[in-house]
Every structure is written in structure tokens, then in C-alpha cells.
Amino acid sequence: MNYATIFTDTNIVGFILLFFRFASLFIAVPIFSHQSIPMVFKTAMAFFFTVVFYSSMQPVTFEINVVNLVLAILSELLFGLIIGIVLQLAFNVITFAGGQISFVMGFSMASAIDPQSGVSMPIISQFLSLMALMVLFSLNLHHWMLMFIDRSLSAIPLGGFMITKNLFSYIIHAASNMFIVGFTIAFPLIALSWMADIIFGMLMKTMPQFNLLVIGFPIKIIVSFAVLIATFASAMLILQIQMQDSFNWLETLF
């Protein structure tokens, strides 16, 4: 075997750019970007998939020099970051809904460190986020991502990703859609909270001895948990639809 034909400048630069494409995904995309996954393991996975997909990549077409190489690396990092932003906006529908649910249940002050993002988050949001991750695993989201990268290698040359006007308009649309859909998921519990507040207010007017803190809040929390369990499957179905729509839009990058 003639190693001189393998370790050429074009092949080495292509391998480096492909590695940065996978590395940016493991940094930004849900599931892969989980904070509990050690950075060494993410780097090893990026290197492994770079070796696996190396035969599928297109040859590097630009002139190899320091400036072009730096711009190509930034382009690959931007490619993974954009994919991560698009998918994260779809995934944050669940965490936003969990924040609204925590507020109406009186759990907004009960926060914990989310193992996925590493930030403080209400416990209902954290619970829904972890359950959503398991649902995404069951839907083979990680397989979708790898197949998407395989198709991108033939459509987007290494170092050739460019930001378009449609990208900004979609991100704005996805951000606004996150609030609308998140509020839609949380609306059954919000409506229940409003109804419970009206009923408790009427009871306190008719029976002044009614203690809202001792009796009202536990009842409200128990009923809210019952409604949350009843609507959980619908919330996960909405998340699946949002993720599918995001992947369908990502196909337009090609």
C-alpha cells in the first residue's frame, strides 16, 4: 500500500474538517450535548464517526492555505451550531411548558441543576426534559442525526456551509413557535389552576374558616399531577412533531 497517496494534504484537511463537523454536533445537538457525557468521550465519538464516514465525504475543492483552512473550520463549527440551535428550539418546547406548569403548581422555587444543560431549572421542567430524552431515544433521533450528516456530506462540501436569509427567518419563527407550543402544552394545567383559584376564592368568601394554605394547595398539586399524567402522552407527541418539522426544515439546507 502506498501511504503517500493516502496521507495527502487534501485527505488530511478533509479528515480535519469532517472531525469538526461531528465535534460541533456533539457540542450543540440535544442528546449528544448532554453535560453528563465527558468531553473526552464526545471527542472519541467524533473521531470514531469521522473514521466511519470518511469514505462518504467529498474531496476538498478549495485551495489549501492557513486562511482558507481557518474559514473552513469556522464554517463547519457554524454548521453544527445552526443544527443545534434549530433542534434545541424544538426541544425547549417541553422545558418551557415545564416552567409554566411548575409556576401554576407552586413549584417554581423548587429548582435543581439540569444534568443536560447544567443550569438551574424547575423540577417539573427537569422531569419532562429527562422523559423527553428517553422518548427521543425511542424515536431513534440519534440515528436521524447520523443519517442527516451522511446526506449533508454529498450536498454541502466540507467548509462550504453558508448562512442564508431563510435561516434567520426560520430561527425567529422557531423561537416564537417555542413559546406558543409550550404554552399550548401547559394550557390544561394553567386552565385548571385558574378554575381552582376561582373555586377556592368562592369557598373563602362563603367559608372564612377555609385555610387555603393547608387544604387548597395540596388539593391543587394532586389534581395538577393527575392532569400532567393524563396529558403526558400528548405532550411527547407534540415534541415528536416539532422535532420532525425541524428535521424537515434542515433538509432545505441542501
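The crossing of helix 1 and helix 5 is right-handed. This is a convenient place to enter the structure, which is a predicted model. Helix 1 and helix 5 pack with their axes 12 Å apart, at an angle of about 150°. Helix 1 and helix 5 are therefore roughly antiparallel to each other, because an angle over 145 degrees falls in that class.

Before going further, the overall layout helps. The chain contains seven helices and two strands. Read from the N terminus, the order of these elements is α-α-α-β-β-α-α-α-α. The two strands thus come after three helices and before four others. The chain has 254 residues, and buried residues make up 40% of them.

Helix 1 also packs against helix 2. Helix 1 covers residues 9-28 and helix 2 covers residues 39-53. Their axes lie 8 Å apart and the packing angle is about 135°. Helix 1 and helix 2 are therefore oblique to each other, since an angle has to be over 145 degrees to count as roughly antiparallel. The crossing of these two helices, helix 1 and helix 2, is right-handed.

Helix 5 has a further partner in helix 3. The axes of helix 3 and helix 5 come within 13 Å and cross at roughly 140°. That angle makes helix 3 oblique to helix 5. Helix 3 passes helix 5 in a crossing that is right-handed.

A pair of charged side chains ties helix 1 to helix 3. How many salt bridges does a search of the whole structure find? The search finds one. In this salt bridge Arg21 is joined to Glu76, and the closest N and O atoms are 2.5 Å apart. The pair links distant parts of the chain, with Arg21 in helix 1 and Glu76 in helix 3, 55 residues apart. Are the two residues, Arg21 and Glu76, buried or exposed? Both Arg21 and Glu76 are buried.

Next to Glu76 in the sequence is Leu77, and this residue leads to the surface of the model. Leu77 is located in helix 3, which spans residues 66-105. With a relative accessible area of 33%, Leu77 is partly exposed, because that class lies between under 20% for buried and over 50% for exposed. Leu77 belongs to a nonpolar patch on the surface, together with Val66, Val67, Val70, Leu71 and Leu74. The accessible area of the patch is about 550 Å² for these residues together.

Helix 5 can now be looked at residue by residue. Helix 5 spans residues 141-155, and Ile149 is found in it. Ile149 counts as buried, because its relative accessibility is 0%. Along the sequence Ile149 and Gly80 are 69 residues apart, but their C-alpha atoms are 9.8 Å apart in space.

Leu141 is also placed in helix 5. At 4% relative accessibility, Leu141 counts as buried, as the limit for that class is under 20%. Two residues from much later in the chain can be paired with Leu141. One of them is Gln240, which is 99 residues from Leu141 along the chain, with 9.7 Å between the C-alpha atoms. Another is Gln244, 103 residues from Leu141 along the chain, with a C-alpha separation of 9.4 Å.

Gln244 is found in helix 7, which spans residues 212-250. Is Gln244 buried or partly exposed? Gln244 counts as partly exposed, because its relative accessibility is 30%. The pairing of Leu141 with Gln244 therefore brings together a buried residue and a partly exposed one.

Phe225 has its place in helix 7 as well. Phe225 counts as partly exposed, because its relative accessibility is 33%. Which residue lies 36 residues from Phe225 along the chain, with a C-alpha separation of 9.0 Å? That residue is Leu189.

To retrace the route, helix 1 packs with helix 2 and with helix 5, while the salt bridge from Arg21 to Glu76 links helix 1 to helix 3. Helix 3 in turn crosses helix 5 at roughly 140°. From helix 5, Leu141 leads on to Gln244 at a C-alpha separation of 9.4 Å, and Gln244 sits in helix 7.

How values were computed. Residues numbered from 1 in each chain as written. Predicted model: local features only at pLDDT ≥ 70, side-chain atom pairs only at ≥ 80, totals over all residues. Heavy atoms only, no water. Patch = residues over 30% accessible without salt bridge, like charges linked within 9 Å, V, L, I, M, F, W, Y side chains within 5 Å. Areas by Shrake-Rupley, 256 points an atom, 1.4 Å probe, with all protein chains shown as cover. Salt bridge = Lys/Arg side-chain N within 4 Å of Asp/Glu carboxyl O. Buried < 20%, exposed > 50% of the residue type's maximum accessible area, 1.4 Å probe, protein only. Axes fitted to C-alpha atoms, helices over the stretch in contact; angles between N-to-C directions. Parallel < 35°, antiparallel > 145°, perpendicular 65-115°, else oblique. Left-handed = near helix turned anticlockwise from the far one by under 90°.
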